[in-house]
Amino acid sequence: MSLDARERSTDAGSPVELYEFHRGIAAWRYTSAAQSQVHMGFTYIPMPMRRGSLERTAELGRAGLRVTLPRDAEVANAFIVAPPAEVTLLTIYRRHRDDSETLAVWMGRVLNAEWRGSEVELNCEPSYTSLQRTGLRRMYQRTCTHVLYGTDCKVSAVAYRISATVSQISGNEISVSAAASFADGHFAGGYATWQSGLVTEKRMITAHQAEWLTLSAAPAGLFVGAPLMLYPGCDHSLATCATKFANADNFGGFPFIPSKNPFGPSPIY
């Protein structure tokens, strides 16, 4: 009997769902069934879980999905301090017991997590929401509008990064001896990356003074003695672009905007 026929049947259906989470090269696979399920060679372990209803709506912002799991589910560990730097993708499959025909019924990503007693609720959005969002628009301004190390910026992140080792950790501040060799603020506005298991974690550097770096959030998975990469920041001014990165030709701002408005109240322009 086909999956469609069992879905329509009043007594032959015995549905189970498979939940596949991906973050980087790491994956977590769970099933709502009481026994382990195998799909495409991968084993999905039983997990007491539930989800909201799947809806089709013209308003993309209301098409989210909430998935509830036990609070100690491994996939949610990275959300305890702050959402992980890498996107967590979710694909939900549906099948029937003793039937190999499996259908993907939902695909999207996990936005954040909320802990409610002994459970954790993952707030997810479907993948097609990103296709119809308004894109960023370039502004007529003095500072550069390009993303540092982005396609339009053209500065090579690999050329300017440095490898370092963590000496101390205090909350969201870390001490890195190699950072003391650079002027204060050199890494402010940049970011740091490190490996945490199979996932590459990333945090923005909001301040830099001597060997101390302030990160945008607590560094999950980072420990004293761990290696990491530091990427310098940029204040998006023409001077910094030219002197720090020798990249004035690709500067994305308009530094020579007239300071006096010809349409203002002054009778003499």
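Of the 269 residues in this protein, 37% count as buried. Keep in mind as you look around that this is a predicted model. The accessible surface adds up to about 15600 Å², and carbon and sulfur atoms own 53% of that. As for how the chain folds back on itself, take the contacts with a separation of 6 or more: 58% of them are between residues 24 or more positions apart.

In terms of secondary structure, you'll find three helices and 15 strands. Nine strands come together in an open sheet, and if you walk across it you meet them in the order 3-4-2-1-7-8-9-6-5, with mixed pairing. The walk starts and ends at the edge strands, strand 3 (37-39) and strand 5 (50-51), each of which pairs on one side only.

Let's stop at the strand 5 end for a moment. Its partner there is strand 6 (residues 65-70), and the two run antiparallel, joined over two bridges. If you want a residue to click on, try Arg51: its bridge partner in strand 6 is Val67.

Now jump along the chain to strand 15, which covers residues 227-231 and includes Met229. Is this methionine, Met229, buried, exposed or something in between? The relative accessible area of Met229 is 26%, and buried would need a value under 20% while exposed would need one over 50%, so Met229 counts as partly exposed.

Met229 also has company from elsewhere in the sequence. Leaving aside residues up to four places away, Met229 touches Arg161, Ile162 and Ser163, and also Tyr191, Ala192 and Thr193. Lys202 is another residue to look at from here: Lys202 and Met229 sit 27 residues apart in sequence, with 9.5 Å between their C-alpha atoms.

Finally, have a look inside. How many cavities of 30 Å³ or more does the structure hold? There is one, and the space in the largest cavity comes to about 90 Å³. Its lining is made up of 13 residues, and those nearest the centre are Cys144, Leu148, Cys153, Cys234 and Cys241. What kinds of residues make up the lining of the largest cavity? Eight are nonpolar and five are polar, while no charged residue takes part. When you browse the cavity yourself, Leu148 and the four cysteines, Cys144, Cys153, Cys234 and Cys241, are the ones to find around its centre.

Notes. Residues numbered from 1 in each chain as written. Predicted model: local features only at pLDDT ≥ 70, side-chain atom pairs only at ≥ 80, totals over all residues. Heavy atoms only, no water. Helix = DSSP H or I, 4+ residues; strand = E, 2+ residues; numbered from the N terminus. Buried < 20%, exposed > 50% of the residue type's maximum accessible area, 1.4 Å probe, protein only. Contact = heavy atoms within 4.5 Å. Areas by Shrake-Rupley, 256 points an atom, 1.4 Å probe, with all protein chains shown as cover. 1 Å grid on protein atoms, 1.4 Å probe; cavity = no way out; pocket = protein on both sides within 12 Å on 5 of 7 lines; lining within 4 Å. Points joined across faces, edges and corners; volume = space filled by probe spheres on them. Nonpolar A, V, L, I, M, F, W, Y, C, P; charged D, E, K, R; others polar. Pairing = 2+ DSSP bridges.
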